[in-house]
Each structure stands twice: as structure tokens, then as C-alpha cells.
Amino acid sequence: MAERKKDHIEMAFQSQLDASVNDTRFSYEPFLDAHPIQEVSGFRFLGKQMHHPIWISSMTGGTALAKTINQNLARASNEFGLGMGLGSCRLLLEGNEYFDDFNVRPILGDAAPLWANLGIAQIEQLLEKQEEQKVEHLIEKLKADGLIIHVNPMQEYFQPEGDLIKSAPIEIIWQFIERCSVPVVVKEVGQGFGRESMEALLQLPLAGIEFAAFGGTNFAKLELMRADEQEAEIFEPLSKTGHTAEQMVHLLNDIASNNLEVNVPDVIISGGVKSFLDGYYLMNKLNTAAVYGQASAFLKYARGDYETLRRFVQLQIKGLRLAQSYLKVL
């Protein structure tokens, strides 16, 4: 105790915070609950069981580190009951060379949700060739629960190796759903999407949507960083357009409150979710079933030994429990 008191004295001045940093999204209520206990209660999301409302958002595949990253993430998903989206599985359409990088169902187990991932350009190409059955084979091979289609027109347009799409993504998705029995989640890749796109998506028989909103990794900006100096300078303003996760939460609530047709039951709130507090706030603001997703935060801790990632997830969960006990969303 004496050592602790000594620490308190030495750190008292360093630990002062200015009132300007107060997080005004919450009302702190310290008298109304006990410390959270370790009991876990599950809930269903995208047709499977999860224990915590944390989604491991889709990351890269087909790189030297992909196998380590995906296996570590799958272990965390299994241990803590999280949902997981794989990175782009495009390489698996062309052969089995990289299959082991993505084959994580044996590690993750059968209970938690696991979703494969392809880009809208690949879906359009498969439909043109009448090869959409390749997606069904992919899902079956990975023992995935469905397919996440990522829609990334800005990224593809700026990417030197990019695939240009010939039809509006909403039309491609409609056609895919009509011709393929695979459950579908649709996401963007770092800029989110506006009201008209959201209204169109919500009318489709989707399993869910993921925001991938503005404020996190921006793949339009990423591609411009690979471009020549002149192109990067001219197109850079386009990378700054989009919609934040909070804006998209309000959009979705407004659409639903106006009694417009909403067929999508589950939402992954991602893009600019920097901490468990961001996730807790946004989930409570959204008037539908939701979890929060992170990609780069998981990627940071998944590239090495599993214990580093495990500690990160434990702390996320601990923070969420504290927030649920003592913070009321305003």
C-alpha cells in the first residue's frame, strides 16, 4: 500500500486532464452498477453465435504474412466468440496455391460466423462468364457462411492494375443474388456510402451490410500513394469524400423511421472505429442489430505471436464491459 500511495503522489500532477478532452458522448454513472463479471452470454448475428459484438473486418490475403495473420485471427475468433471476415479470396478463384492462407474454419470452429470476400469487379466478371457457381464452390471449400462483396469503385479506378466495372454495383449485386444462393453481405472499403446507395441496398434480400465508413483505412488514398506525383496531387481531393460511421448510423435510423422498406437485419459498423468506446457508442446509437468491426487494429496485433493479439482482444472486451456498466450513451 505504501508503494501505491507513493505512486499516487508522484503521478498526481501528470495525471491531470483538461476539461476539453472530456468525452461528451456519454453520461458517466458510477453508482448504478457493480464491476462487470466474467460471465459471457451469446447472441445470434448473421445466423451464427457470437459472444461479443466485435467483428474482425476483412483484411488482405495472398501475401507472405497472410497465413499467420488469418490463423491468429481465427484463434481469437474461436476463443472469444467473435465474427470474422476474410480478406479478398480472389486468388482462390484461380487455384488452390493460397488455400492454406484462408483455410481457417478448422481453427475457428463451427459456431462463429466466417465470411469469404470478393470484389464487385470479380462478381461482374463471373456473371459475364456465367461462372457464378465458382463462388458457391469457394464458400463450400472454405466452409464459410456466406460472401462479403466489397464495392470499391474509387480504389479500382485509381489502381493501375484495377478492374473497371461496366454496370452499377447495385445491378451486379441484384443479378448475383438472383443467380446464386449464397448469403451476401455488402460493404464499402473506407469511404462509406450515402443515403441513396443505402436505400437501394436495404431493399435487397441481403444478410447484412458493413459500413467500412470514412475515417479508417481509405483505399482510394492508399492507391493514390502508389500513383505518380501529379496524379496523386490532382485526384487527392476525391479521397476525402465519403461518409463517417456516425453519419451512416443516423442515415440508417432515418431511413428506417420513415417506414421505407428495410430487408437487411444485421449491420457491421466499421470505418474509423478506433476503440471499444467508439464501437459501444455507435452500436447504441443504431436502432437495429449491430456489432462493430475493426481491421487495421487487429492487423497491428495479428502479425506476430498469438499472445499479443490475445491480450489486445481481452482488453477490448474488458473495456466494453466497463462501458456497459458505467457509461450511458447520450
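Helix axes are taken here as lines fitted to C-alpha atoms over the stretch in contact, and the angle between two of them runs from 0 to 180 degrees between N-to-C directions. With that convention in hand, the predicted model can be followed from its barrel to its pocket and then to three pairs of packed helices.

The barrel is closed by eight strands, which follow one another in the order β4-β5-β6-β7-β8-β9-β10-β11 and pair in parallel. Between neighbouring strands of this sheet the average turn is 25°, with direction ignored. One of the pairings can be looked at in detail: strand β6, residues 114-119, runs parallel to strand β7, residues 146-150, and five bridges join the two. Within this part of the barrel, W115 has G146 of β7 standing opposite.

Strand β8 leads on to the second largest pocket, since β8 (184-187) is among the elements that each supply at least two residues of its lining, together with the helices α8 (153-158), α9 (169-179) and α10 (195-202). The volume of this second largest pocket is about 330 Å³, and 17 residues line it, of which V151, E188, G192, F193 and S197 are the closest to its centre. By character, the lining of the second largest pocket comprises 10 nonpolar residues, five polar ones and two charged ones.

Two of the helices that contribute to this lining, α9 and α10, also take part in helix packing. A packed pair of helices is described by the angle between the axes and the distance between them. For α10 and helix α13, residues 245-257, the axes come within 10 Å and cross at roughly 55°. The two helices α10 and α13 are therefore oblique to each other, because an angle counts as roughly parallel only under 35 degrees and as roughly perpendicular only from 65 to 115. The crossing in which α10 passes α13 is right-handed.

From α13 the path continues to helix α14, residues 276-285, which packs against α13 at an angle of about 15° with the axes 9 Å apart. This angle makes α13 roughly parallel to α14, and the crossing of these two helices is again right-handed.

The other lining helix, α9, meets helix α6, residues 120-128: their axes come within 10 Å and cross at roughly 55°. It follows that α6 and α9 are oblique to each other, while the crossing in which α6 passes α9 is left-handed.

Definitions and conventions: Residues numbered from 1 in each chain as written. Predicted model: local features only at pLDDT ≥ 70, side-chain atom pairs only at ≥ 80, totals over all residues. Heavy atoms only, no water. Pairing = 2+ DSSP bridges. Helix = DSSP H or I, 4+ residues; strand = E, 2+ residues; numbered from the N terminus. 1 Å grid on protein atoms, 1.4 Å probe; cavity = no way out; pocket = protein on both sides within 12 Å on 5 of 7 lines; lining within 4 Å. Points joined across faces, edges and corners; volume = space filled by probe spheres on them. Nonpolar A, V, L, I, M, F, W, Y, C, P; charged D, E, K, R; others polar. Parallel < 35°, antiparallel > 145°, perpendicular 65-115°, else oblique. Left-handed = near helix turned anticlockwise from the far one by under 90°.
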